[in-house]
Amino acid sequence: AMFGTLTDRLADTFKNLRGKGKLSPADVDGTVREIRRALLDADVALEVVKDFTGRVRERALGDEVNKALNPAQQVVQIVNEELVTILGGQQRRLEFAKQPPTIIMLAGLQGAGKTTLAGKLAKWLRSEGHTPVLVAADLQRPNAVTQLQVVGEQAGVPVFAPEPGNGTGDPVKVAKEAVKHAKSKQYDVVIVDTAGRLGVDAELMKQASNIRKAIDPDEVLFVIDAMIGQDAIQTARAFQEGVDFTGVVLSKLDGDARGGAALSVASVTGRPIMFASTGEGLDDFEQFHPDRMASRILDLGDILTLIEQAQKAFDEEEARKTAEKFATDSFTLEDFLAQMQQLKNMGSIKGMLGMLPGAKGMREQLDNFDESEITRTEAIIQSMTVQERRQPKVLNGSRRLRIAKGSGTTVTEVNALVNRFEQAAKMMKTVAKGGTPQIPGMGPI
Ligand code: GDP
């Protein structure tokens, strides 16, 4: 799968952090080292890896402490945010010309997926209510024009081309005529497919650059095969110097790519990734969202949503007070009840299960968590007097019986709760010294 190995490696790295109360500098260094190796093995460019791990390390060691999250979650969050950053930060949409037609030029190596992308883009634009036309300015490859015509037909979009199959001609002239044609026929987007070569060469760059000058496109999209690994950076730089581009399209993201190109190209070129191609079919195409791609790489499912919810429910100030209470042994069943209620604020526990990624077995932990237990616990505590809640020590047999009756539970359940509370208080006291409060009964997510 896309980024499969990288995803697994990062997940293993994070797994090693689970259950840690606090991260030592050595923990952070070890984690950063593993992330660094995982990224390098995924063919991410060294300069990008260095920057990335440098920032993760600095932030993980810094005092950017988020009390709602345990240390492992904090590291995941930092890695996620930094991934979003190297993927370009914000989503960048296609920019349309104020005066139609909008001219989009495609550039890239032969086999990168330009012609296929032209069809995908055309089909998508058509579905968005545009009237695109495809232009075959790839006169290099013998069957390029025919290929574009096939793609155009599949997309239901007209193709402007010189004589079909004609291997000669001037691509600059074709491109210029195509734009004129589009204006006269009122097409509102012109997609110009250009020739590619197997390797970067001066003539190719010159031709592409000349086409660019002749038609002054609104967008120049550099199409890059995500599977080409370390070569991606060199190729991207060559195209940036030779033609320059306004955006990047990653193609063949469906392959068993190690993903390095995807993770390097935006930060190395400073140009946003705008689209992703994920298959040979014309619908295998998506607008690129850096944040969604980052969570896909981390296989987080919607665990980030979960983290956000936890943050909202777990007010930091409240957490600090609780930690203090634990530390000073003044935590009571009333506080315990308040915590339970906060836990309920986080939404249905079972609902949250669905947001957890399946792959890495975090689900199991929550699967053991019984939501109705919270309700019964609430009932028990609510049947206690204020004194009993504050000083559980006074709970003798007859009081326990009374509470069990009042709450519709059994003495055994009352006993279990009191025991659990005492255990939790003891455990939390230890944890509180490390400054990281956790939710009783739940353990680290
Ligand atoms: P061009 O030379 O840049 O125009 O590249 P083409 O569009 O002709 O694509 C080259 C080959 O890659 C063709 O066989 C396409 O079907 C295939 N291809 C293009 N995009 C994708 C993609 O996103 N995923 C996969 N798996 N194959 C693709």
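A residue is taken as near the ligand if its C-beta atom, placed from the backbone, lies within 6 Å of it. In this predicted model, 18 residues surround the ligand, and those that come nearest are Gly113, Lys114, Thr115, Thr116 and Ser277. Helix α5, residues 114-127, gives the most to this shell, with three residues. By class, the shell holds 12 polar residues, five charged residues and one nonpolar residue.

Ser277, one of the nearest residues to the ligand, belongs to strand β7, which spans residues 273-277. Five of the five residues of β7 are buried, so the strand is largely enclosed by the rest of the structure. On one hand, β7 pairs with strand β6 (residues 247-251) in the parallel sense over three bridges; here Ala276 of β7 is the bridge partner of Leu250. On the other, β7 pairs with strand β8 (residues 285-287) in the antiparallel sense, again over three bridges, and Ser277 stands opposite Phe285 of β8.

Residues 272-285 are listed by UniProt, in an unreviewed entry, under "domain: SRP54-type proteins GTP-binding". In the model this span is 43% strand and 0% helix, and its end C-alpha atoms lie 16 Å apart.

The domain assignment divides the protein into domain 1 (4-86), domain 2 (102-287) and domain 3 (316-434). Between the C-alpha centres of domain 1 and domain 2 the distance is 36 Å. Contact between these two domains involves eight residues of domain 1 and 11 residues of domain 2. The side of domain 1 that touches domain 2 consists of six nonpolar residues, one polar residue and one charged residue.

Definitions and conventions. Residues numbered from 1 in each chain as written. Predicted model: local features only at pLDDT ≥ 70, side-chain atom pairs only at ≥ 80, totals over all residues. Helix = DSSP H or I, 4+ residues; strand = E, 2+ residues; numbered from the N terminus. Nonpolar A, V, L, I, M, F, W, Y, C, P; charged D, E, K, R; others polar. UniProt positions renumbered as here; feature names shortened; annotations may be inferred. Domains from an automatic or database assignment. Contact = placed C-beta atoms within 7 Å. Buried ≥ 20, exposed ≤ 12 C-beta atoms within 10 Å, placed from the backbone. Pairing = 2+ DSSP bridges.
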